[in-house]
Amino acid sequence: MPIYEYRCTECGKVFSKLQRMGASAEGISCPACGSSKVERMVSSFASSSSGTSAGAGASTSPSCSGFT
Ligand SMILES: [Zn+2]
């Protein structure tokens, strides 16, 4: 199940909810103030995967030492 991120429009609290795929924001309330005025945020971790570690995994490690 995907984790949706919500932001409370009342207090600005950001929280995440584990919901079924395609579930709506109905019934979601802010855990901080209890307000139901929440808006779903676009998940940031799944959308952008910028290559920050370029060339990091290119090191050849001599693993088999006892290879005869
Ligand atoms: Zn709130």
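1. Two strands are said to pair if DSSP finds at least two bridges between them. In this predicted model, strands S1 and S2 meet that description, since they are joined in the antiparallel sense over five bridges. Within this pairing, Tyr 4 stands opposite Lys 17, which belongs to S2.

2. S1 and S2 also form a hairpin, with five residues between the two strands, and one residue of the turn, Gly 12, has a positive phi of about 85°.

3. Looking at the sheet as a whole, one finds three strands in the order S2-S1-S3, forming an open sheet with antiparallel pairing. Strand S2 (14-18) and strand S3 (38-41) each have a single partner strand and stand at the edges, so one side of each is left without a neighbour in the sheet. From one strand to the next, the twist averages 40°. As general background, the strands of a sheet pair through backbone hydrogen bonds, in either a parallel or an antiparallel way.

4. Which residues make up the largest nonpolar core? This core has five residues in all, namely Tyr 4, Tyr 6, Cys 8, Cys 30 and Val 38. Strand S1 (residues 3-8) gives the most to this core, contributing three residues.

5. Val 38 deserves a separate look. If its neighbours within four places in sequence are left aside, Val 38 is in contact with Tyr 6, Arg 7, Cys 8, Thr 9, Ala 25, Ile 28 and Cys 30.

Terms used. Residues numbered from 1 in each chain as written. Predicted model: local features only at pLDDT ≥ 70, side-chain atom pairs only at ≥ 80, totals over all residues. Core = buried A, V, L, I, M, F, W, Y, C linked by C-beta atoms within 7 Å. Buried ≥ 20, exposed ≤ 12 C-beta atoms within 10 Å, placed from the backbone. Helix = DSSP H or I, 4+ residues; strand = E, 2+ residues; numbered from the N terminus. Contact = placed C-beta atoms within 7 Å. Axes fitted to C-alpha atoms, helices over the stretch in contact; angles between N-to-C directions.
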